[in-house]
4 protein chains.
Amino acid sequence: MKDAKLVLKANPDHQSIVSLSKEIAIGGQEIVIIGGPCAVESLTQMETVARELKSAPIQALRGGVYKPRTSPYAFQGAGLEGLEILASVSKRYDLPVVTEVMAISQIKEISAYADMLQVGSRNMQNFDLLKALGQAGKPILLKRGLAATIEEFVMAAEYIMSHGNPNVVLCERGIRSFDSYTRNVLDLGAVVALKQLTHLPVIVDPSHAAGRRELIADLSRAAIACGADGLIVESHPEPEKSVSDAQQALSIEAMTQLVRSLKPVAEAVGRKTYGVQCPQFAIV
Amino acid sequence: MKDAKLVLKANPDHQSIVSLSKEIAIGGQEIVIIGGPCAVESLTQMETVARELKSAPIQALRGGVYKPRTSPYAFQGAGLEGLEILASVSKRYDLPVVTEVMAISQIKEISAYADMLQVGSRNMQNFDLLKALGQAGKPILLKRGLAATIEEFVMAAEYIMSHGNPNVVLCERGIRSFDSYTRNVLDLGAVVALKQLTHLPVIVDPSHAAGRRELIADLSRAAIACGADGLIVESHPEPEKSVSDAQQALSIEAMTQLVRSLKPVAEAVGRKTYGVQCPQFAIV
Amino acid sequence: MKDAKLVLKANPDHQSIVSLSKEIAIGGQEIVIIGGPCAVESLTQMETVARELKSAPIQALRGGVYKPRTSPYAFQGAGLEGLEILASVSKRYDLPVVTEVMAISQIKEISAYADMLQVGSRNMQNFDLLKALGQAGKPILLKRGLAATIEEFVMAAEYIMSHGNPNVVLCERGIRSFDSYTRNVLDLGAVVALKQLTHLPVIVDPSHAAGRRELIADLSRAAIACGADGLIVESHPEPEKSVSDAQQALSIEAMTQLVRSLKPVAEAVGRKTYGVQCPQFAIV
Amino acid sequence: MKDAKLVLKANPDHQSIVSLSKEIAIGGQEIVIIGGPCAVESLTQMETVARELKSAPIQALRGGVYKPRTSPYAFQGAGLEGLEILASVSKRYDLPVVTEVMAISQIKEISAYADMLQVGSRNMQNFDLLKALGQAGKPILLKRGLAATIEEFVMAAEYIMSHGNPNVVLCERGIRSFDSYTRNVLDLGAVVALKQLTHLPVIVDPSHAAGRRELIADLSRAAIACGADGLIVESHPEPEKSVSDAQQALSIEAMTQLVRSLKPVAEAVGRKTYGVQCPQFAIV
């Protein structure tokens, strides 16, 4: 990490806070829960997710509109139409939205609709994309690569920051390993290390790490207990009908239960949770 | 896991409890903390550890007397003399002891002194040793192999149980991965999976997983938050002077702080911690 | 691999041949050796490499002008100036050139100078880049990701082919593993599998796999013996002065020796090597 | 490797030769092929293997009689009866035999029947077994652990040597990785490194590495091309009926073809193959 200039902590108390909206920020005392489906499928789907999870409460919405799929023949995302759905729901429920940007050509378009731009695992070392995101003017959610070392992860954030964007949130989402029982191995040691090494907020994606919904609630509590600043969790009104990642999405009920279970865990390690905000916005 | 007959849960509430002493058991409502050095070095060392950590409080002592070392020229453990130290300290402080058994020929000797026999990672699939431990008459702490799948780990426990010993505790201690920043990668997804699949108690060794002492407290809290039944943590009166694993041992002070921080985390997930027991035994 | 339509063999004899120039093609009976430095540093450097290795003989030149570096502060490549050097040397020595394209915006520029476009490991699942390369009109050298499965690798090629470009060569270059003795682990089992599953040519990069120059010659011979259609090997006039990957570059002498040692190995498995071609072009 | 005293090369020409019989030795100019089934099942099976492969020719027989199986309920090997079959066939066909020893208690018994004792991957760091094998008086075939580093592998050999047995042959058999397409990943970089670091013979087990029979011949040729001193290959008269590892056993015909294909590869790298020896012994 000898080359890192902007990412490392200047002193043990050095902690950056990245704002998603006027009310919601990652890296402060409150942990932040981002929920929503793998992919934006329809207005009804997103409407249901937002309405139901607003009171869980979650603090931000996720939903992919450009999807990195192993197969070129798999659903590649709803694109612009998906962005419009995201933005409409976001506004109505006062929930900032995070969505993935896969190419430089998408940055401008997505920035017009989303509050935070996600760099997926497969693009963690897409250095030209990172450089361009340095100029994006939106906070970046940088997911760790499938087999990226902690140093490579930190240096990917350094690419974004050194090109002008200080608002980077790191996301541990599991690494490749030899056991196929779980989809990936959630590396909470990396979360602890990143919190100690860098001043950037660090959140955890237990959904892609586990790949099995029955493991997600326990892993989420573990993530908060070890110091993560938040979670990004896949949740779907009808998980088994999800167009992608159906095995790992939580139902609305399971997601709500999970969110509520986090309050005592957060408090046990000196953190807080956001309360239900502006419930009147949820009335349609 | 199709071949597992004895290890798997019969129903969701099926949970075994393994007793270490009259007062201390693993798998019940209370989490169990096992502390102590990598290797038994001297009576003074063990005396200090036991006396100081008894009031943390920890519930059991660890300390290796037969050590699996990569090099044949490295310190191989204090042997019988170490066992006598362990037993003497154990009695005086009313702390059950766990120590590693590396060979069938050591089972009888170690069983005369220790309350629980540990199978190290390198021996997780030493099947003849597992079979012999099925007859040992002592509870077994079975550590996961360096690159063992969850299925292989479960089936190793099945070896012990099918040869007659129902008292097996599983221990996740990190798996091999590509990043050398941490010694291993702590796989809490496996802990959650094992708690769901098997009725055996599952504990976590954050020390060997992290290999760096500054990561251990946060990982310990994560382990408890995701449902582990306890922890086994390396602690040494003078960590930097430890004959082995010096980078990962906690000082007495750090260990005490860690133990105290676990109470609210355990309670946040519906568990309890043991209180300080029989403090009069600690007065020498 | 159920989704693959264009990449898989239609029958055991199905084998594609990808031409780099009028004389040189990958996938035919002759194995193809591509040599050159990690990065284009100067005209003198490339001139020396081309002149000396033309008679080894190698069949194509490699040299990066846009470099994917872990640190944003490391040398990022000579860019356009490097491309001009490549093209000038290529013409003079009648050696087709391969160079990496890191972004969609570079495709047109690089295509004007290079004979084959390389997709680096970090971009193997940069799907927008793959789609754009489907329209590039140049053969593509697709390197396997650091932790890509065989299926993901095959499907990345399917992205390029399904977007219009049938000329794809696969390159195994080592995968991430737990042992830091070698930089990566060369996975020749994947090479054998890819040759059996797909009709695409498959070459091997032993330099990035080993990361240590003393291992490269033996691994190169192994690659040819198991059926690889060629090699891409880092070679530098003064390896220890290389601006990047200095530990793994072969000297001109070592490279020449290696190339010569491949002839009997290729013949032992029913392949041929290219002879020295048009030596008069090498006279300047 | 700083602790290694006996295993490392004293100079580049330092090479140990381990004899299996009066005629057959590993580490000399001739490569050695060891063939046979995963497990000894019957006299007829072993008789067929020996008779048919004697003229391939292979130089030694393999066959497990004590089997390390993931499940305690799986076939654990034919035991003493299997040893008697091995010895009878060995004598009749003048083929030295290699078989696995899983426990100290088996050493004496197996030594009475076998010419070489194999330490399986799961026991590579069963240090008490290694120490005991230092006194065994038979050559040892030490297989690399599933996730053992090169240093750990070398130091395991050092355990055997430092306890009195200089006759150790190392065997690379694939390491654990993230892709389930192959059973393990054959690490030929380790073979090259081991040949450069140590004076011990190094052989390769492509069967366990690949786990798929269609990959084995090509990987075998690769192993010889990179300098391995021999191969140990699973072969069975009726592969699909094998009691274990049925997917990876070669038929007698495939094995014979493989052996014959190795001669030109060995010669291409300056090695030789053994000719058919004492064919009269094969007449029964």
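In this predicted model, 33 residues of chain C are in contact with 32 residues of chain D. Several helices of chain C build its side of this interface: α5 (150–162), α6 (188–197), α7 (206–210), α8 (216–225) and α9 each supply at least two residues. Sorted by class, the side of chain C that touches chain D has 21 nonpolar, six polar and six charged residues.

The two chains are related by a simple operation. A turn of 180° with a shift of 0.0 Å along the axis lays chain C on chain D, with an RMSD of 0.0 Å. This is the relation of a two-fold axis. In chain C the C-alpha nearest that axis belongs to C:A222, at 2.0 Å. Both copies use the same surface, since 97% of the contact residues of chain C recur in chain D.

Chain A also meets chain D, through four residues on each side. The side of chain A that touches chain D has one nonpolar, two polar and one charged residues. Here too, a turn of 180° and a shift of 0.0 Å along the axis lay chain A on chain D, with an RMSD of 0.0 Å. Of the residues of chain A, A:F178 comes closest to the rotation axis, its C-alpha being 2.2 Å away. Because 100% of the interface residues of chain A are also interface residues in chain D, the copies meet through the same surface.

One of the helices named above, α9, can be followed in chain C. α9(C) covers residues 252–268, 17 residues in total, and reaches 25 Å from its first C-alpha to its last, close to the 24 Å expected at 1.5 Å a residue. The helix bends by about 25° at C:L262, and a proline, C:P264, follows within four residues. C:L262 is also among the buried residues of α9(C), together with C:M255, C:L258, C:V259, C:V265 and C:A268. In an α-helix there are 3.6 residues a turn, so residues three or four places apart point the same way. After α9(C) comes C:G270, whose phi is positive, near 80°.

Helix α5 can be looked at in chain D, where it has 13 residues, 150–162. Its end C-alpha atoms are 18 Å apart, which agrees with the 18 Å that 13 residues should span at 1.5 Å a residue. Of these 13 residues, 10 are buried, so α5(D) is largely enclosed by the rest of the structure. The buried residues include D:I150, D:F153, D:A156, D:A157 and D:I160, and also D:E158. They pack against α4 (127–133), β7 (140–143), β8 (168–172) and α6 (188–197) of chain D. α5(D) is followed by D:G164, which has a positive phi near 115°.

The interior can be entered from D:L142. What does D:L142 touch, leaving aside residues up to four places away in sequence? Its contacts are D:V119, D:M124, D:A156, D:A157, D:I160, D:V168, D:V169, D:L170 and D:C171. D:L142 belongs to the largest nonpolar core, which has 416 residues, and A:L142, B:L142, C:L142 and D:L142 are those with the most contacts inside it.

A charged residue can be buried as well. A:D205 is placed in the loop between β9 (202–204) and α7 (206–210) of chain A. Is A:D205 buried or exposed? With 29 C-beta neighbours inside 10 Å, A:D205 counts as buried. Apart from residues up to four places away in sequence, A:D205 touches A:K143, A:C171, A:R173 and A:I232. Its C-alpha atom is separated by 8.5 Å from that of A:L186, 19 residues apart along the chain.

Some backbone details remain. Most residues other than glycine have a negative phi, and most peptide bonds are trans. D:D94 is not a glycine, yet has a positive phi of about 50°. This residue lies in the loop between α2 (79–93) and β5 (97–100) of chain D, and with 17 C-beta neighbours inside 10 Å, D:D94 counts as partly exposed. D:D245, also not a glycine, has a positive phi of about 55°. D:D245 sits in the loop between β10 (230–234) and α9 (252–268) of chain D and counts as buried, with 20 C-beta neighbours inside 10 Å.

Cis peptide bonds occur in the model. One joins B:A56 and B:P57, with omega about 0°, and B:P57 is in the loop between α1 (43–54) and β4 (60–62) of chain B. In chain C, the bond from C:A56 to C:P57 is cis, with omega near 0°, and C:P57 lies in the loop between α1 (43–54) and β4 (60–62) of that chain.

Definitions and conventions:
Residues numbered from 1 in each chain as written. Chains lettered and ligands numbered in written order. Predicted model: local features only at pLDDT ≥ 70, side-chain atom pairs only at ≥ 80, totals over all residues. Core = buried A, V, L, I, M, F, W, Y, C linked by C-beta atoms within 7 Å. Buried ≥ 20, exposed ≤ 12 C-beta atoms within 10 Å, placed from the backbone. Contact = placed C-beta atoms within 7 Å. Expected span 1.5 Å × (residues − 1). Bend = angle between axes of the 7 residues up to and from the residue. Nonpolar A, V, L, I, M, F, W, Y, C, P; charged D, E, K, R; others polar. Least-squares fit on C-alpha atoms with pLDDT ≥ 70 in both.
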